[in-house]
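Dear colleague,

I am handing over the structure we spoke of, with the sequence alongside. Please look it over first, and then read the notes that follow.

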Amino acid sequence: MTKSVFQIAILKKFLKPSVGCDLPGRLRLCFHRQRALLEQALPYLHYVQEVLMMLDGVKKIEINPRIGTVLVLYDTERLSSKDILHWVDVIIDTGVRLAKEAEQLGITDERSLEAMMRKRLSHQLPQKKKG
């Protein structure tokens, strides 16, 4: 069953985190629509960490599934919180598009989907600034 534009918009809104705290070098993202991340999501949290770490300048990711937050520690010389939030939007948009395509093509293999996601995201990484 193909998802409607409305369903996709709702999904993106649900996935988009809010900013809990924004200090230089430290950005806390909150998934406020859930007080805790669903138990079914726990085996996949390493993907969140891996795709956020793709962004040059991210030093460390701490995920707290109990309260539904992600702490991003980053180098302020390379990134701003705005850059990170933009990257989160790119991740969500890419993931939703990939999920829709995978459903249409009948792709269910998790490793294949992970490789496809990484490849697509790697093409969307911002160019490193020449120093």
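**Helix α2 and its surroundings**

In helix α2, which spans residues 45-53, the buried residues are Leu45, Tyr47, Val51 and Leu52. These four lie on the same side of α2, because the arc they cover around the axis is only 155 degrees. The elements that cover the buried residues of α2 include two strands, β3 (58-64) and β4 (69-74), together with two helices, α3 (81-105) and α4 (110-122). Please keep in mind throughout that this is a predicted model.

**The protein as a whole**

The protein contains four helices and four strands, and from the N terminus on these follow one another in the order α-β-β-α-β-β-α-α. Of its 131 residues, 28% count as buried, while the exposed surface comes to about 8,900 Å², of which carbon and sulfur atoms supply 57%. Among the contacts in the protein with a separation of 6 or more, 57% are accounted for by residues 24 or more positions apart.

**Strand pairing**

Strand β1 (residues 18-23) runs antiparallel to strand β2 (residues 26-30), and five bridges join the two; Ser18, for instance, has Cys30 in β2 as its bridge partner. The hairpin that β1 and β2 form has two residues between the strands, and within this hairpin Gly25 takes a positive phi near 85 degrees. Strand β2 is also joined to β4, again by five bridges and in an antiparallel arrangement, with Arg26 finding its bridge partner in Leu73 of β4.

**The cysteines**

Why does Cys21 form no bond with Cys30? The closest cysteine sulfur to that of Cys21 is the one in Cys30, and at 8.9 Å it is too far for a bond, given that a disulfide needs the two sulfur atoms within 2.5 Å. Cys30, for its part, is in no disulfide, its nearest cysteine sulfur being that of Cys21, and a search of the whole structure likewise finds zero disulfides. As to their surroundings, Cys21 counts as partly exposed because its relative accessibility is 29%, whereas Cys30, with a relative accessible area of 18%, is buried, the cut-off for buried being under 20%.

With best regards

Key. Residues numbered from 1 in each chain as written. Predicted model: local features only at pLDDT ≥ 70, side-chain atom pairs only at ≥ 80, totals over all residues. Heavy atoms only, no water. Buried < 20%, exposed > 50% of the residue type's maximum accessible area, 1.4 Å probe, protein only. Contact = heavy atoms within 4.5 Å. Areas by Shrake-Rupley, 256 points an atom, 1.4 Å probe, with all protein chains shown as cover. Arc of directions from axis to C-beta. Pairing = 2+ DSSP bridges.
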